[in-house]
Amino acid sequence: MRLNNYLIYVIIFIIIFSFRSNAQNNGESDRGEITGKLIDTDQFEVIYASVSLLENDGTFKKSAISTATGDFKFIDVAPGTYSLRIDHIEHETFTTESFTLTENEKKVMPVIVLRTSVNKLEEVVITKKKPLIEVKADKLIYNVSSSPSASGTNGLDLLKLSPGVTLDMDNSISILGKGNVQVYINDVQSRLSGNDLTTFLQSLTSDIVDSIEIISNPPAKYDAEGTGGIINIRLKKNVSTGFNGSATSSFTQGLEYKSSNNVTLNFGGEKIKTSLDVTQSQDNNLEFFDDKKIQNGSILYLNSEELQIRKGYNVGFGIEAELNENHSLNLSARGTFNDNDNSLDSTTDIYQEEPLEFLSILSSQSYLDGNSSNYMANLNHLWNAGKATTISTNVSAGTYSTERSTLQPNTYYEPDGTTIIAQDDASFDADTKIDLWSAKVDFDKSWDILSFSTGVKYAHIVTQNGFAFYNIENEIPVFDATKSNDFNYTENVAAIYANANLKIGSYVALNAGLRVENTSSRGKLISDIPLDNKDVPRNYTDYFPNVGLSFENESDHSYSLNIGRRITRPNYQDLNPFESPTSQLVVWKGNPFLKPNYIMNYQASYSYKQKLVVILSYSKTTDFFARIVEIVEGDNTQIIPRNMDKALDYGVSVSFPLTVTKFWELVAFGNISEKTFEGNPEGTAIDIKSTLWNYQIQNNIKLPNDFLLDITFRQQSRWIWRGSVFIEGTESLNFGIRKDLLDKKIQIRITGVDILRTNSDYPYYSNYGGIDLEGTYTDDGRRFGMGATFKFGDSKAKIRKRTKSALDEELERLQN
């Protein structure tokens, strides 16, 4: 309640300042304007130059872009002493002498003549280094290509290095502590979830990833799916002309070995650019569980070890074509192929609690042999219709399939560990096929103080799942129809949205949007077992408003307030009501009546010079998903997703970049939140409150002889897993060293992850629903590695002179 009051105060504060700013605009008449013109030594206009207005001490004030006639203009400028700095890709940077602007003055600068850059022939080379982490008001950007320590990691591990992102022991992703995150690839929603998403992310490597965008409160233009926010993974893209490419090889070694090898080829012409990349990777990983569980008068001591081996290929192709000055096409396609070979060996000592008696030993193994393939294609057409109007059409299609065969031998022994009591061996095949396609059209239009966008989208997804169970009798698999099933799930989502951004005076902007989505779904179970919930159709329409108010003045301070609503729909794995064993004593069972959960996000932010960003947030999630562990009979348990009543989250996050010295830069990010989980699933009361925090400090240090070092320290508090299990906090220290050779044609890297081994053991405990659980999960976290990249061909981006296009008239509007 205190945070709700605080948000009200923030709203009042912004409204007062908006009126104040309007009063200043209407009542004060001391502000002036500055105009001027840019030409080159041949008396031609210089277009698209960046003109910066600087205060007397060199502090940046505002900027403008020169128009197609070489003119620039600054309005609403306070009296004072200023200078102008002009930057242009084909000309030398020029700074004017200081000048004074008096009250109400309309100052016309003398014509500014720019000298052609001595490096400029017919083409100009662009070299710009991206910061490791970019802090923006609406998102954080982790530039993977600028991080030496990211070398040799897969997409899942890259998320663990991203600020504000955490992964639990199920590899479920959270942003600022909020789960149910949607993953996009190059702005296209992946639509994968659970194990399927994990496998896909593992097939991506740092060799092909350019950056990761973390968006905690997306606007109405994005799909409403994902109550935790959006992670947009941007893959590397060719911006060069001519032929070029690179070859990369990297590996890391922990308890097991991981490696990746990549070749990328690009060809860029004036109108068409093409690219092809091929990546081969292998991930070997070890996981350990050691826990104690008390339930139904029994004590179970589990000790397990699992070796996971994945070998895969990832192939991507892209082509960009500029059809004419107003139309362009972009086609991209990607295929991923993986083979999995997992082996699990576990021992469970079974005791009677009272009186304490050692009853038996369960020895279980699980051998999984599987493969998966994923094909995706996306076609985008962009039409620049003139007068600040664009129309974008996007069509995406994909198919995903997995085949998994599992053998599970189970043997019960007497306490002596040698005398066999019983043997129960089984095997099962689990196959999944997902076909999906989507189409959307977006319209954008801008005026002087108003921009408007609207669009429609339709998405169709069909999932087919087969589960065949076999009892092993005399070493021969015998099909068991009572434990087998097929589950088919179809989902259609139709959406329409509208969004408007209105500038109110000089300092205040209002952004308002509404997205409407209709969801039609059907889950159908085919099984010999009589069940009441074999066919579950649904149809519902939801409204997702998003409103934002921002205030930004010339003192480099900005404030914003955002309110938005989002949804997370159950995935097909969670809806399948049939049981599938994960071990002899534990089964997974879906819930066909699992309802979507909804979240209301309230967010207030403050930014100083677009660097220091402070965000206050409050969210309420209704029908929160929780994977509940329930006793079914004796020593057996089932894991089932259920809706909890609500989850509340109060939080504050702070992020800022800091230049310590000319050779040392750092980015710090921290988040603290208070979380509450409340529910009564199947009569089991859950009321958990916890204060969670985490922070990350990323250092980028330039060493002698052009070595680049990055060091990252990360720490997090105790957190909550599956809505009911507490995980003790951990910390980690990572490093990466990079060196460029032979005019940056060759780059070598040395990396270390969790070098102190403080982020590999996860103690956990829980006590609810008659189950008392405590233990430790251990993964193969501490790793050291090396990598190298060789670049060939013309890998420098080039810009050539061009004639005036339809876009020029829109750039003329881009003032102040």
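Colleague: I'd like to learn to read this predicted model. What is the relative accessible area of Phe337, and how is the residue classed?

Modeller: Anything between the 20% and 50% cut-offs is called partly exposed. Phe337 has a relative accessible area of 29%, so this residue is partly exposed. Tyr375 falls into that class too, at 42% relative accessibility.

Colleague: Now the rings. How many aromatic pairs does a search of the whole structure find?

Modeller: The search gives 25 aromatic pairs. To class one, look at the angle between the planes: over 60 degrees is edge-to-face. Phe337 and Tyr375 have ring centres 5.4 Å apart and planes at 75°, so they make an edge-to-face pair. Phe337 sits in strand E23 and Tyr375 in strand E24, 38 residues apart, and their pair links distant parts of the chain.

Colleague: And how are the rings of Tyr559 and Tyr606 placed?

Modeller: Planes from 30 to 60 degrees apart count as tilted. Here the planes stand at 45° and the centres are 5.3 Å apart, so Tyr559 and Tyr606 form a tilted pair. Tyr559 belongs to strand E34 (residues 557-568) and Tyr606 to strand E37 (residues 597-608), so the pair ties together parts 47 residues apart in sequence. Tyr559 is partly exposed, at a relative accessible area of 23%, and Tyr606 is partly exposed, with 23% as well.

Colleague: Which residues do ring pairs link into a cluster?

Modeller: That cluster holds Phe289, Trp721, Tyr762, Tyr764 and Tyr777.

Colleague: Let's turn to the backbone. Which residues does a cis peptide bond join?

Modeller: For this feature, check omega. It is about -15° at the cis bond between Glu354 and Pro355. Pro355 is in the loop between E23 and E24, and Glu354 is found there too, between strand E23 (327-352) and strand E24 (357-384). Glu354 has a relative accessible area of 69%, so it is exposed. Together with Glu353, Asp772 and Glu774, Glu354 forms a negative surface patch.

Colleague: What is phi of Glu475, and where is the residue?

Modeller: Look for a positive phi in a residue other than glycine: for Glu475, phi is near 65°. Glu475 lies in the loop between strand E29 (450-473) and strand E30 (476-479). Its relative accessibility is 77%, so Glu475 counts as exposed.

Colleague: What about phi of Lys744?

Modeller: Lys744 has a positive phi near 65°. Its place is the loop between strand E45 (730-741) and strand E46 (746-753). With a relative accessible area of 59%, Lys744 is exposed.

Definitions and conventions
Residues numbered from 1 in each chain as written. Predicted model: local features only at pLDDT ≥ 70, side-chain atom pairs only at ≥ 80, totals over all residues. Heavy atoms only, no water. Patch = residues over 30% accessible without salt bridge, like charges linked within 9 Å, V, L, I, M, F, W, Y side chains within 5 Å. Areas by Shrake-Rupley, 256 points an atom, 1.4 Å probe, with all protein chains shown as cover. Salt bridge = Lys/Arg side-chain N within 4 Å of Asp/Glu carboxyl O. Lys, Arg positive; Asp, Glu negative; His and termini not counted. Charge placed at Lys NZ, Arg CZ, Asp CG, Glu CD. Helix = DSSP H or I, 4+ residues; strand = E, 2+ residues; numbered from the N terminus. Buried < 20%, exposed > 50% of the residue type's maximum accessible area, 1.4 Å probe, protein only. Phe/Tyr/Trp six-rings, centres within 6.5 Å; stacked < 30°, edge-to-face > 60°.
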